[in-house]
Amino acid sequence: WNMRMPRTSVLLMLLLAEAIAVCNAACSSSSMPAAQQASKQQQKSTTMKQMSRILPQLPPQLRLRGGALPLDILGDIRKSLERPHANVAQVESSETHMGEEMVKIDMTKLDAFVKTLDLAKVMRASKVRFALPLVFDNFEEEVNFWALNSLLSFGSGWHQVCVVKHGQKDGLPHRDSVLHMLISMHMEGRKLDAQGISEVTVFPLATALSVPLTQEKSIEPDSPIRQDFPSEFRWFVDAVHHMMESVGTEMVSRGFRSLGDFILSTDLQAHSREAPGQQDTTQYTANNLVARLTNVFECLNDSENTADGVIVLHRRAQCIAEDLHSRFATQDARLSFPDVSLLSFGADSETCGAFVKLGFLLPSPSLVAKIEKGRILNAHSKEEVALRCASAKACLFISQKLFSQSEDSETVTCGHVWRYFDLLFKTEHQKKVRELEKEALENRDNPQKEEAKVSLIVDQDVPTSFVCKDTVHY
């Protein structure tokens, strides 16, 4: 009988039997002989042993998640960045062959760079948010839109300047692919609530992302017979689809209408939350939001186990909190986080590439050679963790040094520094795109020259940042 029953059913029946046994024991414990009580205890012990053998074998989706939240998750992130690591040196040291640091931070060059920064420009750039002429039914729907944009904007390869040939409108993802996808789906009337994203299919996503699912190739060289194969970036569409589906399903199971509804709440379960007027407003903090996001959604859990302990980064969860605070802090007190200055940023390839180019982030010679050859780093590898951790640590150092030089009472945060660089990246990206489009129009009659120019631009930009094989984790 046990062999034919599913494990989940067996577990439920064991739990039911245990509950009945406890109730019976509570009702008859006063009149039960000592021998019978000992027998009941032995039976309870046997039942618990059977449950312990079954529980570890359950698939992950059947295990309960969302227990107690970390008390100070932002403090844990900051501590993991501030403590020294074997593969990340705080100050440049002499070269060693055994135990050589993968990434070093040259504090002398970093100090010199900080002196060239205009603090007023850094503070202004951090407040820039590109508004869109979109109409939302309510405030929750608008919060949901921007939260999804931050949640789905993962990866490192999409931060490179990917410019396709003139006239070709699809095939390559770029740094705004997710934003364009969400705009397209919103304007088409597709619901981006929990139910809508949990039921979305791959084909409309591929259309909205402008990335084809398949491409035709000859089955043999010089053969006229062609066959459809998965496109080069099909895995990117699949990754976005899987993330939307898993997040939507999780929210539906917890009773939340959308990701915006989850963010504007302070509970892990919507079924038992308090009325809006009875909620504790002191619980609306960046720390609690990051803790809830990383505790509920596995795709946002961004931590790495190393020989020196656990390095906690949680890049995308912090991006969600920072972006929503910057956009809506003046509109809704629930998103005016008092602890927003404790957020940490910079653990991405784009920021890392900029710091390497500026000269104060120094990868080891072997790692530089690996990146320049275009070799893709493995996700969660020592090289990737070292690069991300060093970049975030350098971003933190810059914010601390700017704050020490500031005569104003306004705090210079890690978010200000990261947003300043992000705006520079976006401006530079758009500038190069316009230059390529203009040159493509001028050389329309010479496609050979046009193609060579596109390749030249891309080849020049590849060594400035690393590309990871699986970037969904950050």
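A patch, as used here, is made of residues with over 30% relative accessible area and no salt bridge, with nonpolar side chains joined within 5 Å. Keep in mind that this is a predicted model.

**Exercise 1. Find the residues that make the nonpolar surface patch of about 250 Å², and place Phe 229 in the secondary structure.**

Solution.
- Step 1: Look for Ile 219, Ile 225 and Phe 229, which together make the patch.
- Step 2: Follow the chain to strand S4, residues 226-230; Phe 229 sits in that strand.
- Step 3: Now sort out its burial class. Under 20% relative accessible area would be buried and over 50% exposed. Phe 229 comes in at 30%, so it counts as partly exposed.

**Exercise 2. Work out how strands S5 and S6 are arranged.**

Solution.
- Step 1: Locate S5 at residues 303-306 and S6 at residues 309-312.
- Step 2: Check the direction: the two strands pair in the antiparallel sense, over four bridges.
- Step 3: Pick one bridge to anchor your view. Ser 303 has Val 312 in S6 as its bridge partner.
- Step 4: Look at the link. Two residues lie between S5 and S6, and the strands form a hairpin.

**Exercise 3. Sketch the whole chain: what are its secondary structure, burial, contacts and exposed area?**

Solution.
- Step 1: Tally the elements, and you get 18 helices and seven strands.
- Step 2: Turn to burial: of the 474 residues, 46% are buried.
- Step 3: Take the contacts with a separation of 6 or more; 74% of them join residues 24 or more positions apart.
- Step 4: Finish with the surface. About 25300 Å² is exposed, and carbon and sulfur atoms supply 54% of that area.

Terms used. Residues are numbered from 1 along each chain as its sequence is written. This is a predicted model: local features need pLDDT of at least 70, side-chain atom pairs count only at pLDDT 80 or more; totals for chains, interfaces and linings use all residues. Side-chain values use heavy atoms; hydrogens and water are left out. Patches are made of residues with over 30% relative accessible area and no salt bridge: like charges are joined within 9 Å, nonpolar side chains (Val, Leu, Ile, Met, Phe, Trp, Tyr) within 5 Å. Accessible areas come from the Shrake-Rupley method with a 1.4 Å probe; for residues, only the protein chains shown count as cover. A salt bridge is a side-chain nitrogen of Lys or Arg within 4 Å of a carboxyl oxygen of Asp or Glu. Buried means under 20% relative accessible area, exposed over 50%, partly exposed in between (1.4 Å probe, protein chains only). Contact means heavy atoms within 4.5 Å. Two strands pair if DSSP finds at least two bridges between them.
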